[in-house]
Amino acid sequence: MNKNIITHIKDNEIVDTLKTIFKELQLIELKIFEYEEFFHALMHVDPKMFIVEINDVKNPYLKIIKIMKKSVLTRDVPIIVITKSKSKELFDQLCHLDIQAIIYPPLYISIMKLTIESVLKSEKDREMLLSTQDIQTVQTVMISSLATLAEYRDPETGEHIKRTQNYVKALATTLRKDGLFVDELTDENIELIYMSVPLHDIGKVAIKDNILLKPGRLSGSEFETMKTHTTLGYETLINVGSKLKSSAFLEYAADVAYTHHEKYDGTGYPMGLKGDEIPLIGRLMAVADVYDALVSKRVYKESMTHSDAIDIIRSGDGTHFDPRIVACTLKLEATFQNISQTYIDADHLYKSNSQLATLLENNLLKKILVVEDSRIVRTITKNQLVALGFEVDEAEDGVVGLQKVQSNKYDLILLDLEMPRMNGYEMATEVKKMSQHPIMIAITAADFNITLTELKTFGIMGLILKPLDFNRIATNYAEILRAKE
Ligand SMILES: [Fe+2]
């Protein structure tokens, strides 16, 4: 049986006491000194327990334990906290962490030994309850937990995972439709690829903060360290595979972690693989990852426009990327743009929209109804607003929209004007009859014949031309609110 215990203790006396106990109980102690090592250890040693000394509320392990408790992979690792502090604030925080024990020194060997033994015993009882049937479930859940854990450490993620997953899926299905890679791209494999993409950067969990979160350019040696996220990720996934009985899914996950920075002409890393030597999932991910990095804002750079990003993908044709995948990306340009807009990073939008932030913070605008017949426009609008923190309902025409307004309370209706069954003017006329009705703003494709004066006769107080600009919605809404006062 595995007997690894991870410890992070600064006090020498405590270290000595624990050493004696571990020896008596034949446990293996793995000491960690910096918290970056902790994630690495967690992945590799399958610890039976974690014992940590925490003496103030600023200690980073408080946050780390919270993260551990959120992940199915690590939440059952028993934790004992040793603290010398009598602070009530710290005590309160510890009580909310769902840990096994809080110990105040001096440490008595007999008591401490008893505590460790009983924690280990209850852990063993819990393990016995896990039937083999659960293993498949555990495997699936574990993978998503690994990805979540990576997200906590990676500043880039946010919606990055959802976007890259969807770019890769769009590429895979279109390539197959065009008769390319048909043997590999079966329905089942496309699904496996889609599920494994979130694990591509899992190795970043073990990269230190000063490199991972550095705002400026990385130095030569820092970049070398950063590159190891590919091999670290690969090793971790292979390791998980060997413990859980390897699966096609884990093979894909290991492949994408290992090869997403390889280049088609052999100049990538970590192996310098060339052409078709690079697994297909690595070649797909390379395009998706680069496109997404270019159009997204990062700590060290601003975002680039879609067409500039596409130019860069095109210029990597045959050197960085597989020409077949570049051709497919160019074909899917509109789809790529839609995906990036649908899963846009919330803080990116939020920071560039100070007016929106004010409305949200002051609770002036909470619930929005989007009435729009185009499904794609509706979905994009809804996702963006939800990402910003609004509650959003949707309706595909005036009839459904009116029903919703009658049975719900909204602050704002974003209203398309041209729609089948009941158009925006008709719906607004009905809404206007209600004694207390939400503010209505029309959203319409460039139609310069409509004037706001005209719209106001229908009760519509604002007009915004497509494509939607959220800052303009916010400004418009704030102005209408002010005029109402
Ligand atoms: Fe990466």
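Here are some friendly questions and answers about this structure, which is a predicted model.

Q: In what order do the strands of the sheet with edge strands 2 and 5 lie?
A: Let's begin at the edges: strand 2 (28-31) and strand 5 (101-103) each pair on one side only. The sheet is open, has five strands and is paired in parallel. From one strand to the next, the twist averages 20°. Reading across, the order is 2-1-3-4-5.

Q: Which residue is the bridge partner of Val-81 in strand 5?
A: Strand 4 (residues 79-82) and strand 5 run parallel. Three bridges join these two strands. In strand 5, Val-81 is partnered by Ile-102.

Q: What angle does helix 3 make with strand 4?
A: Two helices can be followed on this sheet. Helix 2 (residues 35-45) packs on it and touches strand 1 (4-8), strand 2 and strand 3 (49-53), its direction making about 175° with that of strand 1. Helix 3 (residues 60-70) also packs on the sheet, touching strand 1, strand 3 and strand 4. Its direction and that of strand 4 make an angle of about 165°.

Q: Which strands stand at the edges of the sheet ordered 7-6-8-9-10, and why is one side of each left without a neighbour?
A: This open sheet has five strands with parallel pairing. Its neighbouring strands are turned by 20° against each other on average, direction ignored. An edge strand has a single partner strand, so one side of it is left without a neighbour in the sheet. The strands in that position are strand 7 (391-395) and strand 10 (462-465).

Q: Which residue in strand 9 stands opposite Leu-414?
A: Strand 8 (residues 412-416) pairs with strand 9 (residues 439-444) in the parallel sense. The pairing runs over five bridges. Opposite Leu-414, in strand 9, stands Ile-441.

Q: At what angle does helix 21 run to strand 8?
A: Helix 19 (residues 375-388) packs on the sheet and touches strand 6 (367-371), strand 7 and strand 8, with its direction at about 170° to that of strand 7. Helix 21 lies across strand 6, strand 8 and strand 9. Its angle to strand 8 is about 155°.

Q: Is Leu-415 buried or exposed?
A: You can find Leu-415 in strand 8. Beyond its neighbours within four places in sequence, its contacts include Val-371, Met-427, Ala-428, Ile-441 and Ile-460. Its relative accessible area is 0%, and buried means under 20%. Leu-415 is therefore buried.

Q: How far apart are the C-alpha atoms of Leu-415 and Met-427?
A: Met-427 is one of the residues in contact with Leu-415. Along the chain, the two are twelve residues apart. Their C-alpha atoms are separated by 8.9 Å.

Q: Which word describes how helix 20 lies relative to helix 21?
A: Helix 20 (residues 398-407) and helix 21 (residues 424-433) have axes 9 Å apart and pack at an angle of about 15°. Angles under 35 degrees count as roughly parallel. That angle therefore makes helix 20, relative to helix 21, roughly parallel.

Q: How many residues in the contact of helix 20 with helix 21 are charged?
A: From helix 20 come Gly-398, Gly-401, Leu-402 and Val-405, which meet Met-427, Glu-430 and Val-431 of helix 21. They divide into four nonpolar and two polar residues, and the charged ones number one.

Q: How many residues in the contact of helix 13 with helix 14 are nonpolar?
A: The axes of helix 13 (residues 280-295) and helix 14 (residues 306-315) come within 9 Å and cross at roughly 145°. Among the residues making the contact are Val-287 and Leu-294 of helix 13, and His-306 and Ile-310 of helix 14. One residue of this contact is polar and none is charged, while the nonpolar ones number nine.

Q: Which peptide bond has omega near 5°?
A: Most peptide bonds are trans. One cis bond joins Pro-105 and Pro-106, with omega about 10°. Another cis bond leads to Pro-270, in the loop between helix 12 (248-259) and helix 13. Omega is near 5° in this bond, from Tyr-269 to Pro-270.

Q: Is Arg-421 buried or exposed?
A: Arg-421 sits in the loop between strand 8 and helix 21. Although not a glycine, Arg-421 has a positive phi of about 60°. Its relative accessibility is 62%, so Arg-421 counts as exposed.

Note on methods. Residues numbered from 1 in each chain as written. Predicted model: local features only at pLDDT ≥ 70, side-chain atom pairs only at ≥ 80, totals over all residues. Heavy atoms only, no water. Axes fitted to C-alpha atoms, helices over the stretch in contact; angles between N-to-C directions. Helix = DSSP H or I, 4+ residues; strand = E, 2+ residues; numbered from the N terminus. Parallel < 35°, antiparallel > 145°, perpendicular 65-115°, else oblique. Contact = heavy atoms within 4.5 Å. Nonpolar A, V, L, I, M, F, W, Y, C, P; charged D, E, K, R; others polar. Pairing = 2+ DSSP bridges. Buried < 20%, exposed > 50% of the residue type's maximum accessible area, 1.4 Å probe, protein only.
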